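Colleague: Could you give me a close look at one part of this, and then carry on from there? Take your time, one long answer is fine.

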Amino acid sequence: MERQRLTILGSTGSVGVSTLDVVARHRDRFEVVALTARNQTDVLFNQCVDFRPRVAVLLEDTAGQQLQQRLLAAGVKCDVRSGLRALEEVASLTNVDTVMAAIVGIAGLRPTLAAARAGKKILLANKESLVTAGAVLMDAVRASGAMLLPIDSEHNAIFQALPRNYGAPEAAGVRRILLTASGGPFRSVSSRQLEDVTPEQACAHPNWVMGRKVSVDSATMMNKGLEVIEAHWLFGAGPEAIEVVIHPESVVHSLVEYVDGSVIAQLGNPDMRTPIAFALGFPDRIAAGVEFLDLAGIGALHFERPDLQRFPCLRLAYEALAAGGTAPTALNAANEIAVANFLGGSLGFRRIPALIEAVLSDTAPLPVSGIEDVHAADRAAREQAEIWLRNSRSAATAVAARQARTTELPAIPSARMNRP
């Protein structure tokens with residue numbers, strides 16, 4: 001059997017590490033050609049020693065030079081490159097069959113698009129590529145004959161529940177797509193308690209092991225909102241045909257309801273290696289190394305509707321999808337700025353949706369005809385978000401100053417009434 005040749009974009013993140021775990025179980029089926037990382041040099045070094053890729057990419061030149069020296073000293077032959085352009089190059093290498101697109105955020109858009117234009121089999125874990133440039137990416141996939149397989153557990157589940165020759169909801173008899181959501185760590189927390197949430201609490205997901213940014217998105221339910229937009233582009237369904245349902249056990253990964261009343265679901269333990277193994281082996285099934293599901297041990301599965309008042313980010317995502325054009329790009333950009341500031345300790349958890357809603361209100365959606373339109377909208381939304389943050393901090397400083405002055409005022413003695 002000829003081995004499938006892989007580029008893994010974002011190999012040091014949680015999805016990248018899980019991908020290499022599956023690959024390690026099937027070294028006779030897969031060859032790692034290229035690995036990329038943002039700045040985790042030590043992790044990337046160990047991966048290069050283990051999997052011996054021909055190319056490794058880091059964003060910064062200095063980090064790339066250091067990695068090259070360490071690999072030479074270890075006797076590992078590997079061409080180390082650096083920069084954004086190098087990411088696009090390894091995504092479209094002629095000696096690569098499959099690209100795992102696992103870079104978090106809009107930074108993954110250009111290399112993912114490069115893979116699509118090169119006609120690769122793309123394992124899409126970078127949801128922002130579809131959220132911000134869905135039409136552009138899907139056009140590139142169709143034009144080149146690329147294969148796009150979703151890695152998000154929800155979209156992977158939908159893909160498995162749809163007919164193999166699926167083209168559109170109506171033709172396949174699909175009535176509704178149901179995306180399940182765990183509800184994150186704050187599903188049953190009161191709105192008042194959300195005021196004091198810390199980054200550590202937001203990143204402590206009850207079921208999934210994820211990176212910090214995605215963990216916060218899960219806690220705000222923005223992650224599910226982005227997945228609604230992603231499902232629209234992947235499966236051609238309108239927002240009215242995509243529904244989110246809370247399922248705290250994270251066993252039913254998503255469902256498809258058909259016009260005859262049938263509902264087909266994909267179940268499994270919450271482990272990203274399952275959808276990764278499905279996509280790597282497709283159309284075959286290969287072992288993922290996951291623990292098998294024990295339904296009797298679980299005992300019961302629960303479902304409920306999401307509370308859009310407590311988690312307004314989900315509502316904002318639906319509104320951005322309905323607005324169309326560059327609105328989802330603005331949504332994503334504002335969210336990335338908000339989450340970064342929350343993780344940095346300068347923005348409260350409940351202020352994340354406030355910032356996003358303000359940016360969407362101040363940004364008129366424009367048509368998207370190419371990737372430059374996406375990047376222009378992304379830059380504009382980030383500028384609006386930074387302005388909002390500065391104004392918010394100035395207002396908070398002014399309020400604190402007024403409170404301080406009030407506290408420091410001398411006490412006014414009580415007037416005494418003179419009696420005759």
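Modeller: Let's start with proline 283, which you'll find in the loop between α12 (273–281) and α13 (295–298). Helices here are DSSP runs of H or I with at least four residues, strands are runs of E with at least two, and both are numbered from the N terminus. The peptide bond leading into proline 283 from phenylalanine 282 is cis, its omega being near 10°. Keep in mind that this is a predicted model, so local features need pLDDT of at least 70 and side-chain atom pairs pLDDT 80 or more, while totals for chains, interfaces and linings use all residues. Numbering runs from 1 along each chain as its sequence is written, and side-chain values use heavy atoms, without hydrogens or water.

While we're on backbone oddities, look at serine 250 in the loop between β9 (242–246) and β10 (252–258). Serine 250 isn't a glycine, yet its phi is positive, at about 55°. With 6% relative accessibility, serine 250 counts as buried (buried is under 20% relative accessible area, exposed over 50%, partly exposed in between, with a 1.4 Å probe and protein chains only). Arginine 52 is another non-glycine with positive phi, near 50°, and it's in the loop between α2 and β3. At 47% relative accessibility, arginine 52 is partly exposed.

Arginine 52 comes just after α2, so step back into that helix, which covers residues 41–51 and has Thr41, Leu44, Phe45, Gln47, Cys48 and Phe51 buried. Looking down the axis of α2, those buried residues stay within an arc of 165°, so they line one face of the helix (the arc is taken over directions from the helix axis to the C-beta atoms). What do they pack against? The partners of the buried α2 residues are α1 (14–24), β2 (30–37), β3 (55–58) and α3 (61–73).

Now over to the hydrophobic interior. The largest nonpolar core holds 92 residues, and Leu331, Phe349, Leu355 and Ile356 have the most contacts inside it. (A core is a set of buried Ala, Val, Leu, Ile, Met, Phe, Trp, Tyr and Cys residues joined through side-chain atoms within 4.5 Å.) Helix α15 (residues 327–343) is the top contributor to this core, giving nine residues. Another core lies apart from it, with 39 residues that include Val22, Val23, Ala37 and Ala102.

Zoom in on leucine 331: leaving out residues up to four places away in sequence, it touches Met222, Leu226, Ile229, Leu316, Ala317, Ala320, Ile356 and Leu360 (a contact is heavy atoms within 4.5 Å). Phe349 leads us to alanine 202, in helix α9 (residues 199–202). These two residues are 147 apart in sequence, with 8.6 Å from C-alpha to C-alpha. Alanine 202 is buried, at 1% relative accessible area. With the four-place exclusion again, alanine 202 touches Pro185, Phe186, Val197, Ser215, Val216, Ala219, Phe342 and Phe349.

Lysine 213 is worth a glance too. It belongs to helix α10 (residues 212–220) and is buried, with a relative accessible area of 17%. Beyond four places in sequence, lysine 213 touches Val104, Glu128, Asn335, Glu336, Val339 and Leu343.

Finally, the empty space. A search of the whole structure turns up one cavity of 30 Å³ or more. The largest cavity encloses about 50 Å³, and Phe349 appears again in its lining, alongside Thr220, Arg310, Phe311, Pro312, Cys313, Arg350 and Pro353. On a 1 Å grid over the protein atoms alone, a 1.4 Å probe fits in a cavity but can't get out, whereas a pocket is an open set with protein on both sides within 12 Å along at least five of seven lines; lining residues have an atom within 4 Å of a point. Points join across faces, edges and corners, and volume is the space filled by probe spheres set on them.

The second largest pocket has a volume of about 570 Å³. Its lining has 25 residues, with Leu148, Phe159, Tyr166, Leu234 and Phe235 nearest the centre. The elements giving two or more residues to that lining are α6 (127–144), β7 (147–150), α7 (153–161) and α11 (222–235). By class, the lining of this pocket splits into 17 nonpolar, five polar and three charged residues (Ala, Val, Leu, Ile, Met, Phe, Trp, Tyr, Cys and Pro are nonpolar, Asp, Glu, Lys and Arg charged, and the others, Gly among them, polar).
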